[in-house]
Structure formats: structure tokens, C-alpha cells
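Grab a viewer and work through a few exercises on the structure below. Each one gives a task, then a solution in steps.

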Amino acid sequence: MAWKRKDLLGMQELEAAEITDVLDTAASMKEIATREIKKVPTLRGKTVVNLFYESSTRTRTSFEIAGKWLSADVINFSASGSSAEKGESLLDTARNIEAMSPDVVVVRHKASGAPALLARHLRCGVVNAGDGAHEHPTQALLDLLTIREKKGHLEGLNVTIVGDVTHSRVARSDIFGMRKMGITVTVAGPPTLIPAQCQELGVKVSHRLEEAIAHADVIMMLRLQHERMEGGFIPSIREYSRVWGLSLAKLERCRPDVLIMHPGPVNRGVELAPEVADSPYSVILDQVTNGVAVRMAVLYLLAGSKGA
Amino acid sequence: MSLLIRNGRVVDPAAGSDAVQDVWIAEGRIHKVGKALRPPAGTETVDASGKVVCPGFIDIHTHLREPGFEYTETIASGTRAAAAGGFTAVACMANTFPANDNRAVTDYILARARVEGVVRVYPIGAVTRNLEGKQLAEMAEQAEAGCVAFSDDGKCVMNAALYRRAMEYALPFGVPVISHAEDCHLGHGGAMNEGFVSTELGLSGQPAAAEEVMVARDIILAELTGAHLHIAHISTSGAVRLLRDAKARGVRVTAEVTPHHLLLTDELVRSYDPNCKMAPPLRTKRDVEACLEALVDGTIDCVATDHAPHALSEKEGEFAEAANGVVGLETAVPLLLDRLVRPGVVDLPTLVSRLSTAPARLLNLPGGSLAAGASADITILDLEQPWTVDPAAFRSRSRNTPFTGFTGTGAPWMTLVGGVKVTP
Amino acid sequence: MSSREKAQVLDETGLDRALTRIAHEIVEQAGGGEDIVLVGIKTRGVTLAERIAAKITAIESTKPSVGALDITLYRDDLGLKAEQPVVRSTEINFPIKGRTVVLVDDVLFTGRTIRAAMDALMDLGRPRIIRLAVLVDRGHRELPIRPDYIGKNLPTSRRETVAVLLREHDGVDRVVIQEE
């Protein structure tokens with residue numbers, strides 16, 4: 001096992017061997033979902049706290065299922081209606097939770113760097129479930145697992161990430177993780193949604209969708225948030241979906257074995273035409289299944305060991 | 001009351017002198033500077049052998065936080081921090097609470113300083129009421145009360161027409177208008193410098209353009225009005241270029257730079273430590289080099305700390321939510337001596353000029369000189385004194401510094417105001 | 001093979017004979033009426049299960065199903081180790097409910113692996129009977145577990161290790177005792 005860390009804060013600091021460890025463990029654990037009794041005793045007696053400052057049903061549920069299938073006690077703490085609303089600082093909340101001896105804290109927060117702050121102050125392991133626009137490592141890991149499953153390997157593939165890269169933690173984690181595994185990454189979007197000096201991350205940058213996806217093995221579509229119109233990033237959702245949305249017609253000019261992926265939730269008709277989301281090219285639902293497996297693997301690796 | 005400072009290396013850029021001499025102080029003023037002076041018997045003597053004796057350093061950009069934010073700093077604690085840092089005078093910014101936008105607050109600050117302060121305090125008045133950028137503050141009365149400059153520092157006056165009027169209105173008082181150059185739209189939401197680091201960290205960034213756009217605008221307004229414009233905390237290479245061009249054209253513009261913009265880059269923000277967060281933010285290596293070059297050649301006139309105390313709760317937690325600002329009075333001089341003078345980037349007389357002679361001239365303050373008759377505001381340095389930055393030992397009430405744990409050699413040794421020792 | 005090797009206890013022929021005998025014992029006990037499935041414990045237990053299944057096929061003309069069980073998630077020593085052990089996948093693609101499961105492992109020692117394997121099997125379904133076949137029983141039980149079919153009884157000291165080398169994994173078929 002290459003994995004020795006107390007926390008999973010991002011893809012950027014991981015080595016390829018560690019990523020492979022997580023993917024292999026997740027692949028082995030997938031079978032639990034097919035059993036009649038979806039439970040193994042591995043994390044029995046361990047406590048996992050989901051500390052979600054941003055509302056997120058799907059990621060939180062995914063972590064909850066993962067923990068419960070491993071027999072851990074999973075506690076959900078969502079910021080609304082809690083002491084956070086009464087003005088309790090992040091650190092104070094974390095310290096209060098630590099006083100209850102959790103084994104792993106899974107945290108999602110709108111501020112980049114919040115999980116790192118917690119990891120410095122908490123004795124238990126911290127999993128970053130999404131911090132601001134910075135990283136969402138379990139998403140990148142489940143994306144890699146899905147690609148590896150469908151394509152049989154990772155190295156040498158071409159992946160194009162389309163959309164609002166500037167505000168996307170999924171894009172960053174995917175870029176960091178995919179590059180470590182030998183994937184060539186292209187990002188595509190209007191210049192207003194591609195961050196400063198993006199090519200220095202080791203990716204190709206394109207402002208023309210058709211050219212960017214022509215040779216892609218995998219197309220990762222990012223979600224467009226409606227607020228982007230207000231910041232002057234795009235003129236309208238309508239124009240964005242016409243120029244940057246993926247339709248069946250545009251898909252016809254791609255590789256016949258191309259995979260369509262999306263971190264969810266999908267804005268049908270904006271990033272993806274409904275026919276594309278439901279087409280055989282789409283592996284979006286596999287991503288969700290693999291999400292539970294990856295999160296089981298992460299909880300197993302962090303909660304069990306006394307390492308790091 | 002007489003005092004003899006004996007045998008120190010006396011560096012007085014205003015007089016163009018740098019030699020081992022004695023300084024004789026009488027009744028709070030410099031009586032004479034020369035070799036082998038013989039004051040009356042019984043005169044207290046300070047043996048400054050091996051030390052450097054300079055005109056007292058002046059920090060023209062400090063936030064003393066009183067009235068209103070005494071939980072972070074007061075005139076009492078802030079001036080003690082200044083004295084410990086080798087400063088004999090500070091000019092304090094107007095973003096107090098209530099803001100220093102009328103003479104009542106100016107009078108209050110000066111009264112508190114008379115009673116509680118240990119170094120000279122020069123208030124800077126607001127340009128607009130409550131720093132809101134909508135209506136001019138009563139600058140005439142403030143100037144009369146003793147304000148030495150006007151600034152909405154902390155904020156930028158976004159309305160160019162209003163700022164033009166402010167510069168015109170301030171002209172008769174003979175004091176500069178100090179600009180905090182930051183376009184609030186371009187800089188909106190930016191917690192750090194926009195660049196590769198902000199892209200990697202997923203933190204929204206403020207481009208150098210946010211500062212440069214306003215520096216350019218303010219220079220043009222200064223040209224239009226003939227006002228003396230002073231640029232606060234300049235930080236980008238583009239802004240330095242604009243400054244250089246303007247000076248070459250003969251515009252009445254001056255500028256200051258902070259120690260942290262001379263020594264640190266945005267790479268430090270990777271730690272997500274809110275003690276690295278300030279406005280303007282830490283920039284890139286190229287910007288730091290441009291500022292250093294400009295400080296050496298005099299394009300940037302002086303160093304100012306932008307000492308901005310904040311309570312722990314304001315600087316602990318998520319980076320994007322933390323308040324902007326770092327303290328600097330107690331770290332500025334040791335850092336500059338060790339990181340700039342020691343390796344020969346700046347020679348000592350030039351640094352003294354940037355810390356004393358220039359600030360005094362810029363704000364038309366008494367000080368910055370060891371000429372006979374000048375007030376005996378003196379900073380004595382020990383270039384061999386080793387130090388480690390330990391916020392727990394600060395005289396300031398606040399501890400928000402990015403320099404914790406830094407070590408070096410060379411620090412202030414004694415500070416005198418009006419011939420009276422205020423440290424150690 | 002290894003410089004620590006103390007003695008060889010089974011050579012290629014001996015190993016094969018032991019497996020043949022185990023296969024016959026399994027068939028005999030089943031009496032032709034029972035529905036036998038073999039579940040090997042990863043990793044070498046699976047190989048041995050495959051071989052026993054092949055021998056049963058030669059005897060009975062029908063091949064029993066063979067599954068592979070990874071017991072890592074059921075170990076009782078997780079959290080005591082510095083790093084998490086590698087999890088491999090469990091592949092049991094047939095129902096075990098109501099059937100006779102013969103667990104197959106290479107070496108029986110403390111019995112903890114078999115305890116974990118039984119818990120895993122229970123989570124996968126409810127077998128009618130569980131029996132245990134091991135190539136080597138080296139003693140030193142820490143739990144009340146006993147094998148039904150044994151290739152070789154081998155008294156050992158705690159300081160020794162028993163290594164089962166198989167052609168498919170190690171290039172040769174032999175069983176050796178090693179000194180620590």
C-alpha cells in the first residue's frame with residue numbers, strides 16, 4: 001500500500017501510486033453494492049462526521065452510504081440551522097466536533113483552504129468533499145475509476161474538460177489527477193471562464209468546442225451556474241448552450257467510442273442536450289455508482305490505519 | 001535636559017554625512033553634531049560605539065485603530081509598537097470608527113496621543129465623509145486641526161469627478177492626497193493576487209490591473225489639478241512603470257512601499273494562512289523585483305508599514321473570509337536591515353533616507369534630520385543584534401504578521417523622541 | 001529457494017497426492033447428494049480450490065463451482081496495523097444459500113482468517129453447511145476452529161513460517177518451513 005496519509009485534501013499532492021491504491025481498493029469494494037446484505041464490518045465502531053457547509057444531497061448521501069456499508073456510524077452536520085448560522089466559526093465548530101472523538105471528518109465548504117485548515121487543527125482524518133473552487137478529490141477519483149473501467153487503462157488518453165473551469169473544483173482536481181496518471185488534458189470554454197495562466201497547469205486551452213472535442217476519448221462537461229451571467233462572464237444561458245452545449249449533432253463528429261461524463265447535477269439543455277445525457281455514450285450513472293465505491297475506499301484507507 | 005550620544009556612526013542623509021561622531025542633545029533638540037564633543041559635566045551619556053545613529057524614522061502609513069477598534073490596537077499600544085520598531089513618529093489613517101472625517105475626531109486623536117502616545121502622532125484626515133466616496137469631508141477644518149494629509153485609505157474613491165474636486169479642494173492646505181489605488185470592481189472578491197497561484201488554489205484573485213488602473217487615473221487627476229498625489233502601498237511592476245513615467249514628466253507624485261511587498265510573494269498564500277492576506281495582496285516575484293529596484297533608485301520615495309492590526313478572530317479561519325492587513329511596526333526595520341542592507345541590496349544611508357528623510361519631506365513634518373535645532377527624534381540601530389520574529393512578544397495588541405519565525409541580524413536599539421528615551 | 005529455508009515438507013508429487021486425497025474425501029462425504037461449491041481464500045487458497053475442483057470433475061464428471069473470497073474487510077486486526085492491508089475483490093458469482101460450501105486455504109494457523117472467512121460467507125448468503133479444507137495445518141490455534149480435510153499435519157514452532165509455493169504463482173509446487 002502506498003497510502004499513508006491522515007487526510008485526503010486534494011489530488012495535487014497525491015502520487016500516481018497512491019491514486020492507483022485508491023482506484024484498486026474501490027474496484028475491489030464495488031462488489032459490496034451487488035450483495036443482498038450490503039454491509040461489511042470493516043469500520044465497525046468508527047465514527048464518520050459529514051460536515052457540509054454547502055448544501056449537497058448527492059455527495060453527502062454518497063459518503064453516508066459508503067460509511068454505512070462499511071458499518072461505520074455516520075453523523076450528518078449541515079450548516080444551516082446550526083451553530084454556524086449563529087456565528088460559530090469554522091474552527092470552533094470543528095473543535096466541538098472533535099471533542100466527540102470522530103475518526104474521520106468529511107467536509108464541504110465554500111472557502112478554498114477550509115479542509116486544510118481543519119486538517120491542521122484536528123487529530124482525526126479529514127476528507128475534502130469540495131472546498132470553494134479549489135479541489136474535490138473524491139470526484140476526480142471516481143472519474144478516473146470510471147474512465148479506467150470503460151477504457152481499460154488511463155495513460156495516453158485524451159480528456160477534454162468543457163465549461164466554467166474558473167469556478168470549478170472538479171476541473172482542478174480532474175486536471176491534477178489526470179495528469180499524474182498520464183492523461184493529456186484539454187480545457188475548453190469562453191476565455192472569461194478559463195482562469196489566468198491556465199496552460200501553466202499543463203493543459204491545452206481551447207476556445208472552440210468542436211476542435212477541442214474532435215479527438216477526445218472522454219468529454220467531461222462542467223455544470224454552468226446561472227449566476228455567471230451576473231458577473232459578466234457570459235451574455236446569456238441561451239448563447240452559452242448554443243455555443244458550448246453538447247448536442248447529438250456535435251457528438252457525431254467525435255470518436256465513436258467517446259465517453260460523456262458530468263459531475264452532476266446536469267443542467268439538461270444547457271451543458272448537455274437531454275438526448276446526449278441519456279445516450280449510450282454517457283457514463284454519468286456509472287460515475288455515481290463508482291462514487292460510492294471510491295468513498296468506501298477512501299474511508300477505509302483513512303479511518304482504519306493509525307498511519308501518517 | 002542634556003544627553004550625549006557618543007561615538008556612534010551618525011548617518012544623516014539630509015546633511016549628506018555618514019561618519020563616527022557625537023550627538024549632543026539639549027532641551028529636547030539637537031544642539032550639535034561633531035567629533036569629540038564636550039558637553040557640561042554630569043550630562044547623561046549613551047555609549048553608541050558600534051551602533052548607527054539616525055534621524056528618527058517616520059512611518060507615514062499606520063492604522064492606530066483608535067477611536068472604535070481598540071480591541072485590536074490603541075494609540076497607547078500602537079505608539080509603543082512604533083517606538084519598539086525604531087519609529088519616532090507615525091501618521092495614522094482615517095478609517096477609525098467614527099472615521100476621522102471631521103475635526104472632532106482629529107482633536108480626539110491628538111488629545112489621546114498627547115496623554116497616551118510615546119511617539120509623535122500625525123493624523124491623516126478622510127477625503128470623503130465616512131470614507132463612503134460620495135461627499136467631501138471637511139478638509140479645511142481638519143487641516144486646521146492638524147491633519148497632515150488626506151486619504152480614504154482602506155478604500156478607493158471610485159468617482160473620478162469627486163476625487164478631482166477633492167484634490168483641488170485640498171490644494172491650499174499644502175498637504176498631499178494619499179491614494180489607496182484599487183478599482184473596487186476589478187478587484188471585487190479577489191482575496192489574493194490573480195495569477196498562476198490563484199488559479200491553482202481556486203481562490204478568486206485581484207489582477208494587478210485593479211491597482212494600475214487607479215494609479216493611472218490618479219496620476220492624470222494629479223496632473224489636471226496640480227495636487228500632490230502620494231500613492232500608498234504600491235505593489236505592481238506596472239504601477240511602478242506608471243510612477244516612473246509620471247515623475248519623468250514632472251507630475252507631483254510620490255509613492256511608498258511596504259516591507260512585505262518588498263520581501264514576500266503570492267507563493268506564500270499556498271499555506272492559506274490569513275496572516276498573508278492584505279490589500280494590495282502579495283504579488284509575484286517580478287513585481288517584488290520592480291518595487292525593490294524603484295526603492296533603490298528613488299522612484300519609490302519611502303517605506304511605510306501599513307501597520308494594520310486585527311484581532312485573532314478576524315485572521316483565523318477561512319482565507320477568503322479573513323480581514324485584510326498585517327501589522328508591521330515592529331518587524332519593518334529589522335527585516336529591511338537584514339534582507340536589504342546586509343546583502344548590499346540597499347546601502348544604509350539610502351535606507352535611512354527612505355525611512356526618515358523622505359517621509360518627513362513628503363508630509364512636510366519636522367524631523368528627518370539631525371541638523372542643529374531639529375527636534376531630537378533619534379533612532380539608534382544595532383546592526384549586529386540577532387532577532388527572531390515572535391508575535392507573542394509584540395508591544396502591539398495584535399499578532400497578525402506573515403513573518404512569524406523569521407530570523408535575522410540588525411535591529412533598532414534605542415529610540416528617542418524629543419531627546420527622551422522611549423525604548424528600551 | 002530462500003536462504004532461510006529449513007526443510008521441505010511436500011514436494012510436487014506429495015502436494016498433488018494430498019489434493020487428490022482431499023478431493024476424494026470431499027466427494028465421499030458429499031455422498032453424491034450434496035451440492036458442493038468451493039470457495040478459496042485469496043490468494044493461494046483460490047488456486048488450490050481450482051485444482052481440487054478439477055480433480056473432483058475427474059472423479060464425478062461434474063465440475064463444482066469455484067469462488068474467490070477476499071477476507072481483508074473482515075479482519076480483526078484492522079486499525080492495529082500501520083497501514084491498511086490491500087483489499088482485493090471477492091468473486092463469488094453463484095448463490096451460496098442452502099448449499100455446502102467448502103472453504104479452501106493453504107495454511108491453517110491461528111484460525112482468525114477462517115473466522116473472518118465465515119463471517120464474510122454469512123454476509124453473502126446462508127450456506128447449509130460450511131466445511132474447511134486446508135493443505136497444511138501447522139497448529140497454534142487461537143480460536144476454536146478445526147479443519148474437515150487436511151493435506152498434511154505439520155507441527156511447527158511459532159518462530160517458523162510455512163510457505164506454500166504453487167506453480168501458478170511461484171513457478172514450483174512445494175511446501176517448505178522457513179526460520180524467521
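**Exercise 1. Charges over rings**

Bear in mind that this is a predicted model. Find what lies over the face of Trp413(B), and what lies over the face of Phe109(C).

Solution. Start in chain B: Lys51(B) sits over the face of Trp413(B), 4.6 Å from the ring centre. Then go to chain C, where Arg138(C) covers the face of Phe109(C) at 3.8 Å from the ring centre.

**Exercise 2. Classifying ring pairs**

Work out whether Tyr169(B) and Phe173(B) are stacked, tilted or edge-to-face, then do likewise for Phe403(B) and Phe406(B).

Solution. What you need is the distance of the centres and the angle of the planes.

- Step 1: the count of aromatic pairs over all chains comes to four.
- Step 2: for Tyr169(B) and Phe173(B), the centres are 6.0 Å apart and the planes make 70 degrees, so call this pair edge-to-face.
- Step 3: check the surroundings. Tyr169(B) is partly exposed at 41% relative accessibility, and Phe173(B) is partly exposed too, at 26%.
- Step 4: for Phe403(B) and Phe406(B), the centres are 5.1 Å apart with planes at 90 degrees, so this pair is edge-to-face as well.
- Step 5: here Phe403(B) is buried at 2% relative accessibility, while Phe406(B) is partly exposed at 23%.

**Exercise 3. Chains and cores**

Say which chains share the most contacts, then pick apart the largest nonpolar core.

Solution. Two pairs of chains are in contact, and A and C share the most contacts. Chains B and C have no contact with each other; their closest C-alpha atoms are 27 Å apart.

Now the core. It holds 89 residues, and those touching the most other members are Met29(A), Val106(A), Leu141(A), Leu144(A), Ile161(A), Leu69(C) and Leu103(C). Helix α11 (residues 284–304) of chain A supplies the largest share, 11 residues. Zoom in on Leu69(C): beyond its neighbours within four places in sequence, its contacts include Val39(C), Ile41(C), Ile92(C), Leu103(C) and Leu121(C). A separate core of 69 residues has Val177(B), Ala222(B), Ala227(B) and Leu243(B) among its members.

One more stop at the A and C chains: which residues of chain C does Glu31(A) touch? Glu31(A) is in the loop between α1 (16–29) and β1 (47–52) of chain A, and is buried at 16% relative accessibility. Leaving out residues up to four places away in sequence, Glu31(A) touches Thr90(C) and Leu124(C).

**Exercise 4. Two helices**

Describe how α7 (residues 237–249) and α9 (residues 285–297) of chain B are oriented.

Solution. Their axes come within 8 Å and cross at roughly 30 degrees. The cut-off for roughly parallel is under 35 degrees, so α7(B) and α9(B) are roughly parallel to each other. The residues in contact include Ser237(B), Val240(B) and Arg244(B) from α7(B), and Ala290(B) and Ala294(B) from α9(B).

**Exercise 5. Backbone oddities**

Inspect the peptide bonds before Pro265(A) and Pro280(B), then the phi angles of Ser71(A) and Ala36(B).

Solution. Gly264(A) to Pro265(A) is cis, with omega near -10 degrees. Ala279(B) to Pro280(B) is cis, with omega near -5 degrees. Next, Ser71(A) has a positive phi of about 70 degrees though not a glycine, and is buried at 17% relative accessibility. Ala36(B), not a glycine either, has a positive phi of about 50 degrees; Ala36(B) is exposed, at 58%.

Technical notes
Residues are numbered from 1 along each chain as its sequence is written. Chains are lettered from A and ligands numbered from 1 in the order in which they are written. This is a predicted model: local features need pLDDT of at least 70, side-chain atom pairs count only at pLDDT 80 or more; totals for chains, interfaces and linings use all residues. Side-chain values use heavy atoms; hydrogens and water are left out. Rings of Phe, Tyr and Trp (its six-membered ring) pair if their centres lie within 6.5 Å; planes under 30 degrees apart count as stacked, over 60 as edge-to-face and the rest as tilted. Buried means under 20% relative accessible area, exposed over 50%, partly exposed in between (1.4 Å probe, protein chains only). A charge sits over a ring if NZ of Lys or CZ of Arg is within 6 Å of the ring centre and within 35 degrees of the ring normal. Contact means heavy atoms within 4.5 Å. A nonpolar core is a set of buried Ala, Val, Leu, Ile, Met, Phe, Trp, Tyr and Cys residues joined through side-chain atoms within 4.5 Å. Helices (H or I, at least four residues) and strands (E, at least two) are DSSP runs, numbered from the N terminus. Axes are lines fitted to C-alpha atoms, for helices over the stretch in contact, and angles run from 0 to 180 degrees between N-to-C directions. Angles under 35 degrees count as roughly parallel, over 145 as roughly antiparallel, 65 to 115 as roughly perpendicular and the rest as oblique.
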